[in-house]
Protein chains: 2
Amino acid sequence: MSDLTIIANIQVKRDKLDLVKAELQKLIPITRAEKGCLQYDLHQDNDDPCHFVFVENWTSRALWQDHMQAPHLAAFIAATEGTIENMIINEMTLV
Amino acid sequence: MSDLTIIANIQVKRDKLDLVKAELQKLIPITRAEKGCLQYDLHQDNDDPCHFVFVENWTSRALWQDHMQAPHLAAFIAATEGTIENMIINEMTLV
């Protein structure tokens with residue numbers, strides 16, 4: 001059962017699209033293998049290829065926080081420095 | 001298999017929260033029963049109770065469009081007139 005749903009909106013700089021999309025895709029298998037990860041799906045906007053949304057579900061906030069501290073997140077952040085215009089992470093609960 | 005993911009962000013006027021939340025919840029069972037609906041999950045923001053996100057998956061855009069023309073959508077729109085500050089509907093594809 002999901003205790004926490006994360007909706008993460010990521011707006012990428014147009015000239016960095018390919019790089020960031022590849023780095024985002026790298027996160028998927030390794031994150032889905034993490035403890036507490038129930039769902040980790042990446043979506044690309046049909047009307048704006050530079051807009052991505054992660055839909056995530058986690059069994060607890062604590063395990064999501066562990067994910068946010070994981071080495072592969074740090075590697076993503078380092079690899080995508082200066083390429084992301086905006087990132088909004090919403091912590092949500094299924095109604 | 002989902003052909004279309006819908007991420008719908010809904011920002012509700014604070015004084016209309018209870019009314020709109022009830023109307024949003026009414027949409028869930030009837031929409032999940034619609035042809036082509038694979039997922040229709042409503043989420044409320046843990047940091048802003050006036051912010052809701054629908055995560056939807058549909059087997060085709062055409063069937064999603066049928067949903068958008070359905071009587072229960074028209075009833076929702078009528079019942080919530082003037083209560084919604086902002087609604088952004090993104091059509092997305094699973095990467």
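Helices (H or I, at least four residues) and strands (E, at least two) are DSSP runs, numbered from the N terminus. The views below show a predicted model, in which local features need pLDDT of at least 70, side-chain atom pairs count only at pLDDT 80 or more, and totals for chains, interfaces and linings use all residues. Residues are numbered from 1 along each chain as its sequence is written, chains are lettered from A and ligands numbered from 1 in the order in which they are written, and side-chain values use heavy atoms, with hydrogens and water left out.

**View 1. The annotated span of chain A, residues 4-92.** An unreviewed UniProt entry lists this span of chain A as "domain: ABM"; UniProt positions are given in the numbering used here, feature names are shortened, and annotations may be inferred rather than shown by experiment. Residues 4-92 of chain A are 37% helix and 39% strand, and the C-alpha atoms at the two ends of the span lie 6 Å apart.

**View 2. The fold of chain A.** Chain A contains three helices and four strands, and its elements follow one another from the N terminus as β-α-β-β-α-α-β. Taken along the principal axes, the C-alpha atoms of chain A fill a box of roughly 40 × 30 × 20 Å. Where residues at least 6 apart in sequence are in contact in chain A, 69% of those contacts join residues at least 24 apart, contact meaning heavy atoms within 4.5 Å.

**View 3. The cysteines at position 50 in chains A and B.** Cys50(A) is buried, its relative accessible area being 1%, and Cys50(B) likewise counts as buried at 1% relative accessibility; buried means under 20% relative accessible area, exposed over 50%, and partly exposed in between (1.4 Å probe, protein chains only). Of the 95 residues of chain A, 51% count as buried. Over all chains the structure holds zero disulfides, a disulfide being a pair of cysteine sulfur atoms within 2.5 Å.

**View 4. The rotation axis and Val55(A).** A turn of 180° with a shift of 0.0 Å along the axis lays chain A on chain B with an RMSD of 0.0 Å, the copies being superposed by least squares on the C-alpha atoms of residues with pLDDT of at least 70 in both. That is the relation of a two-fold axis. Both copies use the same surface, since 100% of the contact residues of chain A recur in chain B. Among the residues of chain A, Val55(A) comes closest to the rotation axis, with its C-alpha at 4.0 Å.
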